[in-house]
Amino acid sequence: MLEELDKIPWAVIAPLILVQIILMIVALIDLRKIHETNGPKILWVFIILFVNLLGPIAYFIVGRKQS
């Protein structure tokens, strides 16, 4: 098992994981502050958390109501 972890190119994967975590945190903070969304807020929470990198991006493009 440890031998397989040594083969992973962490220099490529670590920044992607970091970007994903930052996007999720920013999207969840924005979701908490905003009053109205396109669809129920609980659905957006699940999309942001479980649809990896595309969930937070989808929230910022589709989920936020334009005033």
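**Briefing: core, surface patch and helix packing**

Helix 2 has four buried residues, namely Met24, Ala27, Asp30 and Leu31. These buried residues of helix 2 pack against helix 3 and helix 4. The model is a predicted one. The points below cover helix 2, the largest nonpolar core, Tyr59 and a nonpolar surface patch.

**Helix 2**

- Helix 2 holds 24 residues, which at 1.5 Å a residue should span 34 Å.
- The end C-alpha atoms of helix 2 lie 34 Å apart, in agreement with that expected span.
- An α-helix has 3.6 residues a turn, so residues three or four places apart point the same way.

**Largest nonpolar core**

- The largest nonpolar core consists of seven residues: Met24, Ala27, Leu31, Ile34, Trp44, Ile48 and Tyr59.
- Two or more residues of this core come from each of helix 2 (10–33) and helix 3 (41–50).
- Helix 2 provides the largest share of the core, three residues.
- Among the buried residues of helix 2, Met24, Ala27 and Leu31 are also listed as members of the core.

**Tyr59**

- Tyr59 sits in helix 4 and belongs to the largest nonpolar core.
- Tyr59 counts as buried because its relative accessible area is 0%, against a cut-off of under 20%.
- Leaving aside residues up to four places away in sequence, Tyr59 touches Ala27, Asp30, Leu31, Ile34, Thr37, Trp44, Ile48 and Arg64.
- Among these contacts, Ala27, Asp30 and Leu31 are buried residues of helix 2.
- The contacts of Tyr59 also include Ile34, Trp44 and Ile48, which are members of the core.
- Asn38 is 21 residues from Tyr59 in sequence, and their C-alpha atoms are 9.1 Å apart in space.

**Nonpolar surface patch**

- A nonpolar patch of about 1,100 Å² on the surface is formed by Val19, Ile42, Leu43, Phe46, Leu49, Phe50, Val51, Leu53, Leu54, Ile57, Ile61 and Val62.
- Helix 3 and helix 4 (54–63) each contribute at least two residues to the patch.
- The most come from helix 3, with five residues.
- Helix 3 thus appears in both lists, giving two or more residues to the core and five to the patch.

**Ile57**

- Ile57 is found in helix 4 and is one of the patch residues.
- Ile57 is partly exposed because its relative accessible area of 35% lies between the 20% and 50% cut-offs.
- Helix 4 therefore carries both the buried Tyr59, at 0%, and the partly exposed Ile57, at 35%.

Definitions and conventions:
Residues are numbered from 1 along each chain as its sequence is written. This is a predicted model: local features need pLDDT of at least 70, side-chain atom pairs count only at pLDDT 80 or more; totals for chains, interfaces and linings use all residues. Side-chain values use heavy atoms; hydrogens and water are left out. A nonpolar core is a set of buried Ala, Val, Leu, Ile, Met, Phe, Trp, Tyr and Cys residues joined through side-chain atoms within 4.5 Å. Buried means under 20% relative accessible area, exposed over 50%, partly exposed in between (1.4 Å probe, protein chains only). Contact means heavy atoms within 4.5 Å. Patches are made of residues with over 30% relative accessible area and no salt bridge: like charges are joined within 9 Å, nonpolar side chains (Val, Leu, Ile, Met, Phe, Trp, Tyr) within 5 Å. Accessible areas come from the Shrake-Rupley method with a 1.4 Å probe; for residues, only the protein chains shown count as cover. A salt bridge is a side-chain nitrogen of Lys or Arg within 4 Å of a carboxyl oxygen of Asp or Glu. The expected span of a helix is 1.5 Å times one less than its number of residues.
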